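Biologist: Please take a close look at a single part of this model, the salt bridges and their surroundings. Then connect that part to the strands and the core.

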Amino acid sequence: APQTHKILTKGDVAVASDIVFICDGERARLKQLIQSAPGKALVVTESPGALSDGSVINFVLSNYRVRFEISLDAGRRRGLRLSSRLLDVALAVKQDH
């Protein structure tokens, strides 16, 4: 099936997409935008603390390099299976239990 994506900018609402990217400029509405993302969408962010708001993958700067952290729980809640290869290269993999 073809994949769709949507980059949310000010005033946008998530529609049917496979991937939803929410930029750091939307930090004030982050939780609301994550909650409005389609159920099985991979939610990708670039804001500090975004995993606790429900993001699946969050980009971070580490030693002047762009890295990413992953929330296994958020991925599971969205019905996503994350590859072990992806988990191996993540800066951090977070899980509540």
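**Salt bridges, strands and core**

Modeller: E69 is buried, at a relative accessible area of 11%. The model is a predicted one. E69 forms a salt bridge with K94, and the closest N and O atoms of this pair are 3.6 Å apart. E69 belongs to strand β5 and K94 to strand β6 (residues 92–94), so the contact ties together parts that are 25 residues apart in sequence. K94 has a relative accessibility of 41% and therefore counts as partly exposed. The E69 value of 11% falls under the 20% limit for buried.

The structure holds four salt bridges, and two others can be described here. R76 and D73 meet through their side chains, at 3.3 Å from N to O. R76 and D73 are three residues apart in helix α2 (residues 72–77), which means that about one helical turn separates them. D73 counts as buried because its relative accessibility is 5%. The other pair is D24 with R27, where the closest N and O atoms are 2.8 Å apart. D24 is partly exposed at 27% relative accessible area, and R27 is also partly exposed, at 44% relative accessibility.

Back to strand β5, which spans residues 65–71 and contains V66. V66 counts as exposed because its relative accessibility is 60%. On the surface, V66 forms a nonpolar patch together with F59 and L61, and the three share about 320 Å² of accessible area.

The loop between β4 and β5 includes N63 and Y64. N63 is not a glycine, yet its phi is positive, about 55 degrees. Y64 is not a glycine either, and its phi is also positive, about 65 degrees. N63 counts as exposed because its relative accessibility is 70%. Y64 is exposed as well, with a relative accessible area of 85%.

On the other side of that loop in sequence is strand β4, residues 57–62, which runs parallel to β3 and is joined to it by two bridges. The partner of T45 in β4 is N58. T45 also stands opposite I22. Strand β2 (residues 19–22) pairs with β3 in the parallel sense, over four bridges. Between β2 and β3 the chain passes through helix α1 (residues 30–36), and this β-α-β crossover is right-handed.

How are the two faces of strand β3 (residues 42–45) placed, covered or uncovered? Both are covered: L42 and V44 on one side are buried, and so are V43 and T45 on the other. In β2, by contrast, V20 and I22 make up a covered face, while I19 and F21 make up an uncovered one.

Both residues of the covered β2 face, V20 and I22, belong to the largest nonpolar core, which has nine residues. Its other members are L30, L33, I34, A37, A41, V43 and A50. The elements that give two or more residues to this core are β2 and α1. Helix α1 supplies the largest share, three residues. V43, on one of the covered faces of β3, is a member too.

The core and the strand pairing can thus be read through a few residues. I22 is in the core and stands opposite T45 in β3. T45 is buried and has N58 as its bridge partner in β4. After β4 come the loop residues N63 and Y64, between β4 and β5. Strand β5 then holds V66 of the surface patch and also E69, the buried partner of K94.

How values were computed: Residues numbered from 1 in each chain as written. Predicted model: local features only at pLDDT ≥ 70, side-chain atom pairs only at ≥ 80, totals over all residues. Heavy atoms only, no water. Buried < 20%, exposed > 50% of the residue type's maximum accessible area, 1.4 Å probe, protein only. Pairing = 2+ DSSP bridges. Right-handed = clockwise from strand over helix to strand, strands pointing away. Patch = residues over 30% accessible without salt bridge, like charges linked within 9 Å, V, L, I, M, F, W, Y side chains within 5 Å. Areas by Shrake-Rupley, 256 points an atom, 1.4 Å probe, with all protein chains shown as cover. Core = buried A, V, L, I, M, F, W, Y, C linked by side-chain atoms within 4.5 Å.
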